[in-house]
Amino acid sequence: MSPPLLEEMLRIVARRYRLPAKDGTAARMREGGPATALAMAIEKAREAKVRGEAPGPELKRIFIEALARMIQEAMRPDAGDPAFQAMVLRHQATQVREYASLSTHADQDRRLVRAMVDAIAHPAKRRRLAQDGQGENLAKIYALASGASWTELFDASQAIRAMPEMAGGSSLERGLAKLLDSPALERLRRLEVLASDELVRRYQSLWDRHGPRSGSPTAFAQGSVSKQRGAAVEALAARAIEALAQRLNERETGAPYRVVTSMRVPASLPGSAHRAKSEWDVVLLRHVQSTEPTPAWKVCLLVEAKASLDAAASDLPRLLRGLHLLAQAEGNAVYPFWTEQGTMQLLGSSLRALRHDEAGLAGAVLYCCDAPADAAPRLLGAASRMQLLSATASLEFAGSLAEKHDADPQSLEPIWHQLLDSPSWGAVLHQSAMLRQVRELMVHTGDLADAIRHASGRPPSSA
């Protein structure tokens, strides 16, 4: 049972991120933008399935019309979605698909090739491996690898290997043979050729418009800023929960409450940890009286800090799997959890008591954020939008639009049936319900601190 002060705090804390009441009339669905109409139609379809009913033809028509409009907007050359346009181009053009496929492991290929070049031409090894007159040639291939000139690297290595003095099977000759026969170098050479293709250049230009390339200095800088924002929100949340622990300790002898951060789930817990949350940002613990020499603790509140509203929505499935994993604990066991404040011994019975139904979440979990509330919440999540757009029928419909051909919205009907029947579309079908659930759990860090200050700890009046 939670202490009254904690229960009151959870009851009175402002929920500024809560979604407005549902209005799923057909007129309302058509009034909003296509993404809003899609989200409402999908939620109506989910509710029908829960009732054991088949969604009607009007709902299907709204869904298809809204999806067609969303694709049309995404394909606009001036203000569309460059990432989606790149996906459409990849779907249409063989050479773009090949380029995209090769690019997925290009970083690994570059590391492999450079390692092979280092083995024979690194400045520290040249003196030992280079034969008479080869020092300059090895310096050249080392420079070509460093400059990512893969075709020139192949040609230069082949020329060195063809020299008469390489016929003796030396370590240098074997190293060159390994390099020249490397599938990684062949893939990098093919990437170089494809990079000059007009459609590939257009594809890469679209991705550049979407955002910085992975691994680029700009992407690294953005990731660093995002990480700092997340750490700042976590610090605010931890400070607020520490104030809560202090108020709870003022009411009880022995100061049984404490706060830990970055609490990591041990591998000793039974159950599958696949895709489950393995680290909890801020946790309020209560000491449990025990005859054991090592103090034992129970979980009172789990807090996750997020720098953005979308981050929380996409995190909820992992959080639910994380709660399910904790609940697999053996009731009579004690589990060591590593935290930034040291290793804490948590009672298995406390973990087993954690529930992931709606009522259980409301009493044990908070998402904390310091972002302003959105005046018009985006009802269609980014992941759901991308799954809808990347469906084969959507890409083919968009391809017809790009080629100025007649594009029949009815060709999108297979997506409607996939949404209703395919398990792989379950996250999209339930996305509105998940969004509403996560927004109920979200609080602003400032509102949390205010609620902790103003909670009295007295049970609510029955009057």
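Visitor: Which residues of α4 meet which residues of α20?

Guide: From α4 come L59, K60, F63, I64 and L67, and in α20 they meet E413, I415, W416 and L419. Bear in mind that this is a predicted model. By class, that contact divides into seven nonpolar, no polar and two charged residues.

Visitor: What makes α4 and α20 oblique to each other?

Guide: Helix α4 (residues 57–74) and helix α20 (residues 413–421) pack at about 120 degrees, with their axes 9 Å apart. Roughly perpendicular runs from 65 to 115 degrees, and roughly antiparallel starts over 145. An angle of about 120 degrees falls in neither class, so the pair counts as oblique. As for handedness, α4 passes α20 in a right-handed crossing.

Visitor: And why are α6 and α13 called oblique?

Guide: The axes of helix α6 (residues 94–104) and helix α13 (residues 198–210) cross at roughly 55 degrees and come within 8 Å. Roughly parallel needs an angle under 35 degrees, while roughly perpendicular begins at 65. The crossing angle fits neither, and that makes α6 oblique to α13. This crossing is right-handed too.

Visitor: What does the contact of α6 with α13 have by class?

Guide: Six nonpolar, two polar and no charged residues. Q95, V96, Y99 and A100 are the α6 residues, and they meet L199, V200, Y203 and Q204 in α13.

Visitor: On to the cores. Which residues have the most contacts inside the largest nonpolar core?

Guide: L302 and L351, in a core of 39 residues. Helix α15 (residues 309–326) gives the most to this core, with eight residues. Leaving out residues up to four places away in sequence, L351 touches L269, V299, L326, A327, A329, Y335, F337 and L346. Apart from that core lies another, of 36 residues, and among them are I62, I64, W416 and V428. You have met two of those names already: I64 in α4 and W416 in α20 are part of the contact between these helices.

Visitor: How do you know that Y335 is buried?

Guide: Buried means under 20% relative accessible area. Y335 has 5% relative accessibility, so this residue counts as buried. You will find Y335 in strand β4 (residues 334–339).

Visitor: What does Y335 touch, beyond residues up to four places away in sequence?

Guide: Its contacts are P266, S268, L269, P270, A329, E330, M344, Q345, L346, G348 and L351. P266 is 69 residues from Y335 along the chain, yet their C-alpha atoms are separated by 7.4 Å. Across the chain, residues 24 or more positions apart account for 72% of the contacts with a separation of 6 or more.

Visitor: Why does N249 count as buried?

Guide: The cut-off is again under 20%. At 18% relative accessibility, N249 is under that limit and therefore counts as buried. N249 is found in helix α14 (residues 217–251), and it touches A255, P256 and Y257 once residues up to four places away in sequence are set aside.

Visitor: Is A148 buried, partly exposed or exposed, and what makes it so?

Guide: Partly exposed, because its relative accessibility is 29%. Buried would need under 20% and exposed over 50%, so the value falls in between. A148 lies in the loop between α9 (135–146) and α10 (150–161).

Visitor: What is notable about phi at A148 and S262?

Guide: Phi of A148 is near 60 degrees, a positive value in a residue other than glycine. Phi of S262 is near 50 degrees, also positive and also in a residue other than glycine. Most residues other than glycine have a negative phi. S262 is in strand β1 (residues 257–264) and is buried, because its relative accessible area is 7%.

Visitor: Why is α11 described as largely enclosed by the rest of the structure?

Guide: Seven of the ten residues of helix α11 (residues 171–180) are buried, so the description follows. Those buried residues are L172, E173, G175, L176, A177, L179 and L180.

Visitor: How many of the residues in the chain count as buried, as a percentage?

Guide: Of the 463 residues, 43% count as buried. The secondary structure of the chain comes to 23 helices and seven strands.

Definitions and conventions. Residues are numbered from 1 along each chain as its sequence is written. This is a predicted model: local features need pLDDT of at least 70, side-chain atom pairs count only at pLDDT 80 or more; totals for chains, interfaces and linings use all residues. Side-chain values use heavy atoms; hydrogens and water are left out. A nonpolar core is a set of buried Ala, Val, Leu, Ile, Met, Phe, Trp, Tyr and Cys residues joined through side-chain atoms within 4.5 Å. Buried means under 20% relative accessible area, exposed over 50%, partly exposed in between (1.4 Å probe, protein chains only). Helices (H or I, at least four residues) and strands (E, at least two) are DSSP runs, numbered from the N terminus. Contact means heavy atoms within 4.5 Å. Axes are lines fitted to C-alpha atoms, for helices over the stretch in contact, and angles run from 0 to 180 degrees between N-to-C directions. A crossing is left-handed if the near helix is turned anticlockwise from the far one by less than a right angle, and right-handed if clockwise. Ala, Val, Leu, Ile, Met, Phe, Trp, Tyr, Cys and Pro count as nonpolar, Asp, Glu, Lys and Arg as charged, and the others, Gly among them, as polar.
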